[in-house]
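Here is a short briefing to read alongside the structure. Have the model open, and follow the topics in whatever order suits you.

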Amino acid sequence: MIPGAVVWNGLPAPQRRMIMLLGAAIVAANIKQPYPDLAPLQHGPTVLLFLVAPWLLRRWPLSTRAVVSLWLFLLLHTLAARYIYSYVPYDEWARLVFGRDVSGIFGWKRNGFDRLVHFAFGALLTLPVAEAARRFGRLRRGWSLAFAFAAIGLGSAVYEIFEWLLTIVAAGETADYYNGQQGDVWDPQKDMAAAQIGSLIALAVAATGQWSRRARMDILSVVPRKPEKERP
């Protein structure tokens, strides 16, 4: 196995900084945790991804542009996870800054931050997945985008099924609070739709060609360096 220091130093500096900032965000999100019983379920996968990210990016390097998209999504998830999604106090924040709450403006009856995160799942992850499909799957540009759109749909569906099973097994009476359903029986379908809408918007961005050209340039800059041989 390649030593951890070699793996870490082999990553581009911006990607190393993003990993460190993600770790800091996870720590900050758990200071005076308001829902300590459910925090491990929310933050556990992110902590695991934070720990293995250097090895993953070393083995399957992505452009820094793609890593930025992944990083922004994980930061958004980390913020939502602190409040188990259903209780993100964005209305209180809005009243402090603007004097009005968001729910009052749009007539929302539920906390909608989970919808934003599902939308971001599609909007922010579609193009990195397409980049990975081109780079490692050798798919052509059009097929890579189609694959990414389908992967977002599959990922959303698998997550909703996993969330349902997890709440039955682990969350018990707090299942409705953990999974963010908030009494809406169509919540999973709406979440999946939000992700697909975000993915469509990402595909529209890709249609301009700007992402593809910049991503190709970034990919060339993240080809991993071979570890230096240790001196005897």
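The largest pocket holds about 1,400 Å³ of space, in what is a predicted model. Its lining is made up of 41 residues, and helices α2, α3, α4, α7 and α8 (141-171) each supply at least two residues of that lining. The points below start with this pocket, then turn to the cores, the aromatic rings and two backbone details.

**The largest pocket**
- Nearest the centre of the pocket lie Leu49, Phe73, Leu74, Phe121 and Leu125.
- By residue class, the lining divides into 30 nonpolar, 8 polar and 3 charged residues.

**The nonpolar cores**
- The largest nonpolar core has 25 residues, and those that touch the most other members are Leu57, Phe73, Ala80, Val88, Phe113 and Val117.
- Helices α2 (13-29), α3 (39-59), α4 (64-82) and α7 (113-137) each supply at least two residues of this core.
- Among the contributors, α4 gives the most, with 7 residues.
- Phe73 is worth a closer look: leaving aside its neighbours within four places in sequence, Phe73 is in contact with Val117, Ala120, Phe121, Leu124 and Leu125.
- Phe73 therefore appears twice in this briefing, as one of the residues nearest the centre of the largest pocket and as one of the core residues that touch the most other members.
- Another core lies apart from the largest one and has 7 residues, including Leu127, Ala148, Leu203 and Ala206.**Aromatic rings**
- The structure holds 6 aromatic pairs.
- Tyr83 and Trp93 form an edge-to-face pair, because their ring centres are 6.1 Å apart and their planes meet at 70 degrees, over the cut-off of 60.
- Tyr83 sits in the loop between α4 and α5 (90-98) while Trp93 belongs to helix α5, so this pair ties together parts that are 10 residues apart in sequence.
- Are these two partners buried or exposed? Tyr83 counts as buried because its relative accessibility of 17% is under 20%, whereas Trp93, at 33%, is partly exposed.
- Phe106 and Trp108 make a stacked pair, with 5.1 Å from centre to centre and 20 degrees between the planes.
- Phe106 counts as exposed, since its relative accessibility is 55%, and Trp108 is partly exposed, with a relative accessible area of 41%.
- Phe106 and Trp108 also belong to one aromatic cluster, together with Tyr90 and Phe113.
- Phe113 is a residue to find in both places: it is part of that aromatic cluster, and Phe113 is also one of the residues that touch the most other members of the largest nonpolar core.

**Positive phi angles**
- Which residues have a positive phi although they are not glycines? Lys32 is one of them, with a phi of about 50 degrees, and Arg138 is another, with a phi of about 60 degrees.
- Lys32 is found in the loop between α2 and α3, and at 76% relative accessibility Lys32 counts as exposed because the cut-off is over 50%.
- Arg138 is found in the loop between α7 and α8, and Arg138 counts as exposed, with a relative accessibility of 70%.

Methods. Residues numbered from 1 in each chain as written. Predicted model: local features only at pLDDT ≥ 70, side-chain atom pairs only at ≥ 80, totals over all residues. Heavy atoms only, no water. Core = buried A, V, L, I, M, F, W, Y, C linked by side-chain atoms within 4.5 Å. Buried < 20%, exposed > 50% of the residue type's maximum accessible area, 1.4 Å probe, protein only. Helix = DSSP H or I, 4+ residues; strand = E, 2+ residues; numbered from the N terminus. Contact = heavy atoms within 4.5 Å. Phe/Tyr/Trp six-rings, centres within 6.5 Å; stacked < 30°, edge-to-face > 60°. 1 Å grid on protein atoms, 1.4 Å probe; cavity = no way out; pocket = protein on both sides within 12 Å on 5 of 7 lines; lining within 4 Å. Points joined across faces, edges and corners; volume = space filled by probe spheres on them. Nonpolar A, V, L, I, M, F, W, Y, C, P; charged D, E, K, R; others polar.
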